[in-house]
Amino acid sequence: MTASSVGSGHAPAVARGVKLRRGRGWRELEAWLYVLPGLAVFAVFIAYPITANIVASLFGPHGDVTMANYRQASGDAVFWTAMRNSAVWVVLCVVFEAAIGFVLALAIEMYIPRGRVVFRTLLFLPMVITPSVIALVFSTIYAPDYGLLFGVFDSVGLGGHFPAILGDPATATYGVIAVNVWQWSGFFVLMYCVGLTQIDRELLAAAAIDGAVGFARVRYVIWPLLYPVTTSLVVLGTIQALQQFPLIFLMTEGGPADSTQTLATYIFQTGFVLNEMHYASAVAVVLFVLSLALIVVQYRLGRERRAHA
Amino acid sequence: MKTKACLLGVAATLLLVGASAGAPARAADPVVVTVWSWSPVTPTMNAMIAAIQKAHPDIQVKATIQPHPVYSVSLQAAVGSGNMPDIVGLSPGSETQQYREHLLNLSPVAEELWGKDWQKNFSPSLLSEARFGNPQGDANFYALPQEAQINNLWYNIPAFEKAGIAGPPKTVDELVADAKKLRAAGYMPFYQGAGTGTFDVWAYLLIASRIDVDSVVAGEQGAPIWTKPGMIEAAHVWQRMFTDDVFQPGALSALQYPTGANLFAAGRVGMIVLGSWWLQQTGLSELPGLKTMSDYGTFNFPAVGDHKGPEVFLGGVDVGWGITTNASSSPAVLAASKVVLKEFISGVGEQEALDELNDLPAFNGMTPSHAMPAHLTEVYDTYIKELATAHTHVIGNPVINQSLVSGLQAIGAKTMTPEAAMQAVQDTALAQQKAH
């Protein structure tokens, strides 16, 4: 390599290689710099709390490292009630919200020629109301003796048969789930509406020519095309159902007799009411693992279904 | 040009320095004392702060009042982040014990504020409750009571008159009969927010104390007494409140606050478990019957069966105050916090709270400074007399407390018999005794 050959712009291969590697290195560094803030937020607000929680769950009340919290959970009847209720919440919320969301979205997009925006907005409105207000209003609606529903029953002579929905361990959970479904169905409607507007109309026309009309069109054409939307909604719905706290706490405080406890409310009760933070951490770890497992399963099932579609 | 600008800058700086040097010195900023609590209610706290700041212009009090569940979470978070306020409101028992390592020992502070004999200013039961849950051998005070309360039953006088009932029931059978009359007259006979655990426990303890108050007191301190005959009998009486339609339908889904309190204030309820703090409605409501309490009266839970012993009163600390170790990081803040504590408990702050009838004073000798209507005075004086001999109303161990709540709700829901429910509470008490 001579000075003149370097100065003339025809840099030898070695020099060019060094310059290229430096360029790529800088670009990589630049990319990391852009990603770093997000990673920092993830580390501080997600990774660290999860790790700290797992560590806390492995400590007993006297500072000893132990699996006692998990053993306590395995023998705790209220914990298993909370697990069962969490599963019920996931299944019922996701199924009903998806069904109601899909049917209403279909009706809006396919059969309502005008005013779709109005319908979408009205159905989405419950989502923007504060959960505490919803809880208070529906507690009053459900109230025997003076609630709105009781008034309806009473007006047809059935006042004496009106059930105490939130006061009966057999019905309380379903009463709160119904409120949650009412609140969240609008979100599912909106997402399905977006999915439906993205379906190529020519495809539907072609399907109609081939004889796929009415329910057959929905079952064999529209529903399969909405698998990605459904998968995402099922995941979001699962997370929301597992996380639900304000409605349950404000409507029933987990009662009567712990019958409406879910993992989320039980974590609050054990941590902040019973001051058993380590045990609460263990329950929180169980909730975390359960949520992760459900989401992984749902994504895998969704992926397989798309592959076979 | 540059030189001119520099010279101008220097001149301006010199002028500013000279002006500030010649200006009179600013008054020292007031010392800020932060206070967190769930009680008293915000209007009362604002009045207390205004009075304290008027008496001590060198102190500024910044208070945050939140609903108790939110307050519990906020305080836990503050401990974790090292940002505890200077003064915290505390319930006796588990709440005080939970934060004990972050609180100053108030025994020397109390001596400093009220002298060596400071304990004679509080009733022994309140001081005993303030130390509830202290480890063996620890006689320190980590919180001192500002206000006390008595738990009992309130009744709507016009509702009773309309239902043809002469006065509060004296026996459980009379209570059941009166409930029928009130229902026939169109009222909710006895509103129980059975979805609110605290009021379930209070109702049960009121019943049980009419039968076996010694066991009640022992159980509150953690002794496994829940399957004693008196406690089982009390559970059966509790069950009767549901099966004999004394409580309103759907009681298990009802909340004492805000629904029960609102319905009672609206005159739709015959009887309800509340306490001395209900007197604060005189300042919060414009309804004549509430402003003077002329439409409302109090009574203790009626006698149960053959247990005809003297009335027993349940009550204790409503809110206590602790000074946190955070306050001691600054001598000025610590000194100001002690002043605020004194004013909260025995000074202008407590006087404001008393004048609003927020609750009963824990400090002996304090009374509302304004005249009250005769009926209100009678109720208030009765409460003060009862406070002197009241037994505590708090179950010190939150795990046992929660077990009792679940058991009582299960009895009401008929998913457990009284015997099974009390056995479950007993098992919890035994397990807690073993664990500690």
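Biologist: In which handedness of crossing does α2(B) pass α16(B)?

Modeller: This is a predicted model, and in it α2(B) passes α16(B) in a right-handed crossing. The two helices, α2 (residues 42-55) and α16 (residues 348-355) of chain B, have axes that come within 8 Å and cross at roughly 145°.

Biologist: Which residues make the contact of α2(B) with α16(B)?

Modeller: On the α2(B) side they are B:T44, B:A47, B:M48, B:A51, B:I52 and B:A55, and on the α16(B) side they are B:V348, B:G349, B:E352 and B:A353. By class, this contact has 7 nonpolar residues, 2 polar and 1 charged.

Biologist: At what angle do helices α4 and α8 of chain A cross?

Modeller: Helix α4 (residues 77-111) and helix α8 (residues 172-197) of chain A have axes that come within 6 Å and cross at roughly 40°. Angles under 35 degrees count as roughly parallel and 65 to 115 as roughly perpendicular, and the crossing of this pair therefore makes α4(A) oblique to α8(A). The crossing of α4(A) with α8(A) is right-handed, and the residues of their contact comprise 20 nonpolar, 6 polar and 2 charged.

Biologist: How is chain B divided into domains, according to the domain assignment?

Modeller: The assignment gives domain 1 as 31-148 + 317-388 and domain 2 as 149-314 + 394-435, so that a domain is described here by stretches of the chain taken together. The C-alpha centres of domain 1 and domain 2 of chain B lie 27 Å apart, and 22 residues of domain 1 are in contact with 17 residues of domain 2.

Biologist: Which elements give two or more residues to the side of domain 1 of chain B that touches domain 2 of chain B?

Modeller: They are β4 (144-156) and α17 (374-389) of chain B, and α17(B) gives the most, with 7 residues. That side of domain 1 has 11 nonpolar, 5 polar and 6 charged residues.

Biologist: How many residues does each chain give to the contact of chain A with chain B?

Modeller: As a general idea, the size of an interface is often given as the accessible area lost when the parts come together. Here the description is by residues instead, with 20 from chain A and 23 from chain B. On the side of chain A that touches chain B, 12 residues are nonpolar, 4 are polar and 4 are charged.

Biologist: Where in chain B are there cis peptide bonds that I should look at?

Modeller: One is the peptide bond from B:S39 to B:P40, with omega near 5°, and B:P40 is found in the loop between β1 (31-37) and α2 of chain B. Another cis peptide bond joins B:Y257 and B:P258, with omega about 5°, and B:P258 belongs to helix α12 (residues 256-265) of chain B.

Biologist: Is B:M293, which has a positive phi although it is not a glycine, buried or exposed?

Modeller: The cut-off needed here is that a residue is buried if 20 or more other C-beta atoms lie within 10 Å of its own. B:M293, whose phi is about 60°, is buried because 25 other C-beta atoms lie within 10 Å. Its place is the loop between α14 (288-291) and β7 (296-299) of chain B. In chain A, A:E253 has a positive phi of about 55° without being a glycine, and A:E253 is buried too, with 22 other C-beta atoms within 10 Å.

Notes
Residues are numbered from 1 along each chain as its sequence is written. Chains are lettered from A and ligands numbered from 1 in the order in which they are written. This is a predicted model: local features need pLDDT of at least 70, side-chain atom pairs count only at pLDDT 80 or more; totals for chains, interfaces and linings use all residues. Two residues are in contact if their C-beta atoms, placed from the backbone, lie within 7 Å. Helices (H or I, at least four residues) and strands (E, at least two) are DSSP runs, numbered from the N terminus. Ala, Val, Leu, Ile, Met, Phe, Trp, Tyr, Cys and Pro count as nonpolar, Asp, Glu, Lys and Arg as charged, and the others, Gly among them, as polar. Axes are lines fitted to C-alpha atoms, for helices over the stretch in contact, and angles run from 0 to 180 degrees between N-to-C directions. Angles under 35 degrees count as roughly parallel, over 145 as roughly antiparallel, 65 to 115 as roughly perpendicular and the rest as oblique. A crossing is left-handed if the near helix is turned anticlockwise from the far one by less than a right angle, and right-handed if clockwise. A residue is buried if 20 or more other C-beta atoms lie within 10 Å of its own, exposed if 12 or fewer, and partly exposed in between; C-beta atoms are placed from the backbone.
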